[in-house]
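Trainee: I would like to go through this model and ask what stands behind each label.
Mentor: Go ahead.

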Amino acid sequence: MSTSNDSKPCRVAVVGAGLVGTLNAIYFAQRGWHVDLFELRKDMRLPEVKATQRGKSINLALSERGLSALRNSGLDLDNLILEAAVPLHARMVHTTAGLQMSQAYGKKDQHINAVDRARLNEELLTIAEEFSNINIHFEHNLMKADLDKGELQFFTGTGNPEKTYHTDFLVGADGAYSRTRTQLMRRIRMYYEQEYIDTAYCELTMLPIKNKNGEDEFALDPHHLHIWPRHTFMLIALPNPDKTFTCTLFMPFGMFDELNTKELVLDFFKREFKDSVPLIGEEKLVEEYFNNPRGSLITIKCKPYHYQDRAVIIGDAAHAMVPFYGQGMNCGFQDVQVLHSILDKHGVKAKLSADGKIHGLHQAMEEYSKERSEDAHAICDLAMYNHYEMRSAVTSPLYLARKKLEAV
Ligand code: FAD
């Protein structure tokens, strides 16, 4: 029997056009759903927006976990992103004396990739925009969601600032401080835990140096993730395609507060990371140390991730983690791949059924929440452990002996 619902495509509202939300919008569009992608900020591709982005997690390590989700989109997204990536085969440990020790990540042909966060997000947005069944709404801040009715209220900040949209299914990809998650918590008995670590981070830039032909050259070996592990704090550096390095100083909040004059900062850097100082440059180092934002680091674990067949959270909204395992985005991309493989498994279609429902979706969400929360909680724990490994364990004699054996 045919009813008017037979021909209606399912509608999904994806909240958050960051890395994970935008990839998810592309996956849903390919399933034939109608997608509304909402983002609280302005379009990051606008020149005036680009000019204001300063010192905020500029580059990221993209690993096989994330690449697989890009590849699985069927749009060659992995190759598009890898075009401008720098392969990292090993970490380079810098000692206090200024010596460097290379520690391979895996076998010779294995590597992770340093990618530019903004470029990755911009490429995904541009691809999303090419789909006729995706509408992107910038400057839409989700305020409230009536999950049973599928009614979403946004604040747009212009003209008539409050707008209401309707959807069949809501996906919250709105980051660690997710409002979608807060709305879910009002409807379900969600297990929730969060932990801030006593470490802040601040990004610094290492510009290229000139080679003997006067051309720009990376200041350090570009195929390594460089770390200066000092037990309670550390500096790391990841290369960018423009031959700069983005350095990140991870340090307890109290130490940031104590290092409060130009002289103290320079003394500290010359004592602890002395080979980095001439490469960053004293003036630039001090300017960025005092003016770039300082971020805090949070782990969030929760479950379940869904409410019936009405809503689900993915990416940092579901599982924010400390960045030391380089897996936050990778894990969020994998969420998208896993979510859609489970939708396939349950035969979830692109059209509403005669009763106005999306058949199989509720069961699919049950399975997704169960499977994914176990994996995500494990990755959160590994990320926390890797904080210790990167800032401390990599310098222990036992660790170095093991690495030597692995290299044989
Ligand atoms: P976000 O990137 O937080 O995006 C959420 C989006 O939702 C934003 O665009 C936001 O504006 C929007 N939004 C929020 N609230 C609303 C609302 N109410 N209405 C509408 N829109 C809203 N991960 C890796 O895999 N590899 C790395 O090397 C790595 N390095 C890192 C280094 C640092 C210093 C940090 C802090 C993180 C790092 N991560 C890394 C983690 C990675 O940045 C995150 O896991 C990833 O950005 C999560 O993506 P997301 O799309 O889920 O959330």
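**Strand pairs, a sheet, a helix contact and the ligand shell**

Mentor: E9 and strand E10 (residues 151-155) pair in the antiparallel sense over 5 bridges. Keep in mind that this is a predicted model.

Trainee: What makes E9 and E10 count as a pair?

Mentor: Two strands pair if there are at least two bridges between them. E9 and E10 have 5 bridges, so they pair. One of the bridges joins Lys144 to Gln153 in E10.

Trainee: What lies between the strands of the hairpin of E9 and E10?

Mentor: The hairpin has 4 residues between the strands, and Gly150 takes a positive phi near 70°.

Trainee: How do you know that strand E16 (residues 224-229) and strand E17 (residues 234-239) pair?

Mentor: The cut-off is at least two bridges. E16 and E17 have 4 bridges, so they count as a pair, in the antiparallel sense. Ile227 has Ile236 of E17 as its bridge partner.

Trainee: Which sheet holds E16 and E17, and why are some strands called edge strands?

Mentor: An open sheet of 7 strands runs in the order E6-E5-E16-E17-E18-E13-E19, with mixed pairing. Strand E6 (100-104) and strand E19 (294-303) are its edge strands, because each pairs on one side only. On average, neighbouring strands of this sheet are turned by 30° against each other, direction ignored.

Trainee: Why is the crossing of H3 and H12 called left-handed or right-handed?

Mentor: Helix H3 (residues 64-71) and H12 pack at an angle of about 35°, with their axes 7 Å apart. A crossing is left-handed if the near helix is turned anticlockwise from the far one by less than a right angle. H3 passes H12 in a left-handed crossing.

Trainee: Which residues make the contact?

Mentor: From H3, they are Arg65, Gly66, Ser68, Ala69 and Leu70; from H12, they include Met329, Phe333 and Gln337. The residues of this contact divide into 6 nonpolar, 5 polar and 1 charged. Gly66 counts as polar because Gly is placed in that class.

Trainee: What makes a residue part of the shell around the ligand, and how many residues surround the ligand?

Mentor: The cut-off is a C-beta atom, placed from the backbone, within 6 Å. The ligand is surrounded by 33 residues, the closest being Gly16, Gly18, Gly175, Gly315 and Gly328. Elements giving two or more residues include helix H1 (19-30) and strand E3 (59-62). H12 gives the largest share, 4 residues.

Trainee: How does the shell around the ligand divide, and what classes are there?

Mentor: The shell has 13 nonpolar, 15 polar and 5 charged residues.

Note on methods: Residues numbered from 1 in each chain as written. Predicted model: local features only at pLDDT ≥ 70, side-chain atom pairs only at ≥ 80, totals over all residues. Axes fitted to C-alpha atoms, helices over the stretch in contact; angles between N-to-C directions. Contact = placed C-beta atoms within 7 Å.
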